[in-house]
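User: Please take a close look at the spaces inside this model and at what lies around them. I am a first-year student, so a careful answer that goes step by step would help me most.

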Amino acid sequence: MRVSWQERFAETPEVLIGARCGRTVVPVLDFAIGGDEFITMAGPCSVESEAQLMAVARHVRRAGARVLRGGAFKPRSSPYAFQGLGLAALKLLAQARGETGLAIVTEVMGEREVPMVAEFADILQIGSRSMENYSLLAAAARSGRPILLKRGMVATIADMLRSAQVILDNGNPNVILCERGIRTFDTALRNTFDSAGIALLKQITHLPVIADPSHACGHRDLVPALARIGIAAGSDGLIVEVHPDPDKALSDGDQSLNFAEFDAMMTALEPWIDLRGIASRSEKLKENADQRREDDFHPMEAVG
Ligand code: PEP
Ligand code: MN
């Protein structure tokens, strides 16, 4: 007998489609994730300096990103690798938001840091290594900020749904799921991108789902292809690593796009986004420009 998805994932009823009428749309500043616009989050793996962050922020804003990513507290495979600039990075992220209007997503690694990170960030990122840290999930949920929940690198879909359920149970409905690649027997790439997982999550849950092509493959030349696959699988957005000089990046340089590569990817993705029947960045930028003209209000002039 065929088991329904509802029965299969009965342990996490609140995340399943049908638990509420319609899909969850997560409001962030002046836009929404999971609605009718495809959302791009972009930025460096780690915040390294004011010059680095501001250059990336201005660039990705112009190319159509809505959210600036950047690690302040970094979970690293090696305990001796760069651990992030902490509070100084949070302040730089807030400065970049002030200048560009981009929303900020950044990782929170420990319960103790939740209030500090929530003060500066618009979206709290729960990293792959923390996905099953339920006390961190609960604390992050209670901050009231939307949560970007990255799939654990060895987490099943059911594990990820349990973590999402913990956030909902702690009174926070604004969960964004992120597929970022999982560990499999194949070591050719950093991880194995689970595009079927994206399609499944979109089919069985009411939550927005985004794809992280950067961590999924670990090589910058494959990032545009995986981004395309993420769009085709039904994702509501992307989170992509971008650095002014990837070869000099303090973390994840191999998978970071430079500015020209990011621009080329954004342009190449447009027809794929159009095929989905949702708004592409150029349409939204045009709409926003029309709106700005109507309002006679020009907040972006400073960044061109
Ligand atoms: C990151 O976004 O830079 C990161 C560390 O991601 P993940 O937790 O998916 O490895
Ligand atoms: Mn990274």
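Analyst: In this predicted model, helix α10, which spans residues 259-275, supplies the largest share of the lining of the largest cavity, namely four residues. The full lining consists of Phe38, Thr40, Gly64, Met266, Leu269, Glu270, Ile273, Ser280 and Arg281, and if you compare these numbers with the span of the helix, you will find that Met266, Leu269, Glu270 and Ile273 are the ones that fall within it. Sorted by class, the lining has four nonpolar, three polar and two charged residues. The volume of this largest cavity is about 60 Å³, and the structure holds three cavities of 30 Å³ or more.

From the cavities we can turn to an open space, the second largest pocket, which holds about 210 Å³. Its lining is made up of 18 residues, and those lying nearest its centre are Pro75, Arg129, Arg190, His215 and Asp252. When the lining of this pocket is sorted by class, nine residues are charged, six are polar and three are nonpolar.

Ligand 1 sits in this second largest pocket. Around ligand 1 you will find Cys45, Arg69, Lys74, Gln125, Gly127, Ser128, Arg129, Lys150, Arg180, His215 and Glu241, a shell that has six charged residues, four polar ones and one nonpolar one. Arg129 and His215 therefore appear twice in this account, since they belong to the shell around ligand 1 and are also among the residues nearest the centre of the pocket, where a shell residue is one with a heavy atom within 4 Å of the ligand.

Three residues of the shell show how atoms of the protein are placed against oxygen atoms of ligand 1. For Ser128 the atom concerned is a backbone N or O atom, 2.7 Å from an oxygen atom of the ligand, whereas for Arg129 it is a polar side-chain atom, at 3.0 Å from an oxygen atom. In the side chain of Glu241, an N or O atom is 3.3 Å from an oxygen atom of the ligand. Taken alone, ligand 1 exposes 300 Å², and the protein buries 98% of that area.

One last detail concerns the backbone. Most residues other than glycine have a negative phi. Asp252, already met near the centre of the second largest pocket, has a positive phi of about 55 degrees although it is not a glycine, and it lies in the loop between β10 (237-241) and α10. Leu29 is not a glycine either, yet its phi is positive, at about 40 degrees; this residue belongs to the loop between β1 (26-28) and β2 (31-33).

Conventions. Residues are numbered from 1 along each chain as its sequence is written. Chains are lettered from A and ligands numbered from 1 in the order in which they are written. This is a predicted model: local features need pLDDT of at least 70, side-chain atom pairs count only at pLDDT 80 or more; totals for chains, interfaces and linings use all residues. Side-chain values use heavy atoms; hydrogens and water are left out. On a 1 Å grid over the protein atoms alone, a cavity is a set of points where a 1.4 Å probe fits but cannot get out, and a pocket is an open set with protein on both sides within 12 Å along at least five of seven lines; lining residues have an atom within 4 Å of a point. Grid points are joined across faces, edges and corners, and a volume is the space filled by probe spheres set on the points. Helices (H or I, at least four residues) and strands (E, at least two) are DSSP runs, numbered from the N terminus. Ala, Val, Leu, Ile, Met, Phe, Trp, Tyr, Cys and Pro count as nonpolar, Asp, Glu, Lys and Arg as charged, and the others, Gly among them, as polar. A polar contact is a pair of N or O atoms within 3.5 Å; within protein, one must be able to donate a hydrogen and the other to accept it, and residues adjacent in sequence count only if both atoms are side-chain atoms. Accessible areas come from the Shrake-Rupley method with a 1.4 Å probe; for residues, only the protein chains shown count as cover. A molecule sits in a cavity or pocket if more than half of its atoms lie within 2 Å of its grid points.
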